[in-house]
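User: Please take a close look at one part of this model and describe how it is placed in the chain. A connected account of the contacts and exposure around that part would be welcome.

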Amino acid sequence: MCQTPIIYSLGENLICRIYAGNIPTPSEVAESCFRLKEILMNTPNVVQVSAPVTVVGDIHGQFFDMVEMFEIGGHVPDTNYLFL
């Protein structure tokens, strides 16, 4: 569940810690957002996604909605997601 490339490329295991009920510090969140921004800026905006894929509507930035989506649909990388 917690061994997705994005988590390891961020160098932290925040998702696993959050699933375990541990809240990250504000500085950990800020650092993760900064590093994720760098990753996203270097990622093409059009990518090919292998079928089958689960299409998810706008979750309006609600982290726990995303966590619930993963609980229902399956965890990455076992399930492919396309977020709109």
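Analyst: V47 sits in the loop that runs between helix 3 (26-41) and strand 1 (54-56). This is a predicted model, and every value below is computed from it. V47 has a relative accessible area of 52%, above the 50% cut-off, and is therefore exposed. On the surface, V47 belongs to a nonpolar patch together with V49, V53, V55, L82 and L84. The accessible area of these residues together is about 510 Å². For context, the accessible surface of the chain comes to about 6300 Å², and 61% of that surface belongs to carbon and sulfur atoms.

The loop that holds V47 also contains P52. The peptide bond joining A51 and P52 is cis, with omega at about 0 degrees. Another cis peptide bond leads from V76 to P77, where omega is near 5 degrees. P77 is placed in the loop between helix 4 and strand 2. As background, most peptide bonds are trans.

Within the patch, V55 is found in strand 1. When residues up to four places away in sequence are not counted, V55 touches L82 and L84, which are also members of the patch. V55 and Y81 are separated by 26 residues in sequence, yet the distance from C-alpha to C-alpha is 5.9 Å. Across the chain, contacts between residues at least 6 apart in sequence join residues at least 24 apart in 56% of cases.

Y81 leads on to the aromatic residues, since Y81 forms one aromatic cluster with F70 and F83. The count of aromatic pairs comes to four. For F70 and F83, the ring centres are 6.4 Å apart, within the 6.5 Å limit, and the planes stand at 85 degrees, which is over 60, so the pair is edge-to-face. F70 lies in helix 4 (residues 63-73) and F83 in strand 2 (residues 81-83), so the pair ties together parts that are 13 residues apart in sequence. The two partners differ in exposure: F70 has a relative accessible area of 14% and is buried, whereas F83 is partly exposed at 35%. Of the 84 residues of the chain, 20% count as buried.

On the other side of the loop that holds V47 in sequence is helix 3, and this helix contains both R35 and E31. Their side chains meet in a salt bridge, with a distance of 3.7 Å from N to O. The structure holds one salt bridge. R35 and E31 are four residues apart, about one turn of the helix. Both are partly exposed, R35 with a relative accessible area of 26% and E31 with 35%.

As to the overall order of elements, the chain has four helices and two strands. From the N terminus on, these run α-α-α-β-α-β. In summary, the loop of V47 lies between helix 3 and strand 1, and the exposed V47 shares a surface patch with residues including V55, L82 and L84.

Notes:
Residues numbered from 1 in each chain as written. Predicted model: local features only at pLDDT ≥ 70, side-chain atom pairs only at ≥ 80, totals over all residues. Heavy atoms only, no water. Phe/Tyr/Trp six-rings, centres within 6.5 Å; stacked < 30°, edge-to-face > 60°. Buried < 20%, exposed > 50% of the residue type's maximum accessible area, 1.4 Å probe, protein only. Contact = heavy atoms within 4.5 Å. Areas by Shrake-Rupley, 256 points an atom, 1.4 Å probe, with all protein chains shown as cover. Patch = residues over 30% accessible without salt bridge, like charges linked within 9 Å, V, L, I, M, F, W, Y side chains within 5 Å. Salt bridge = Lys/Arg side-chain N within 4 Å of Asp/Glu carboxyl O.
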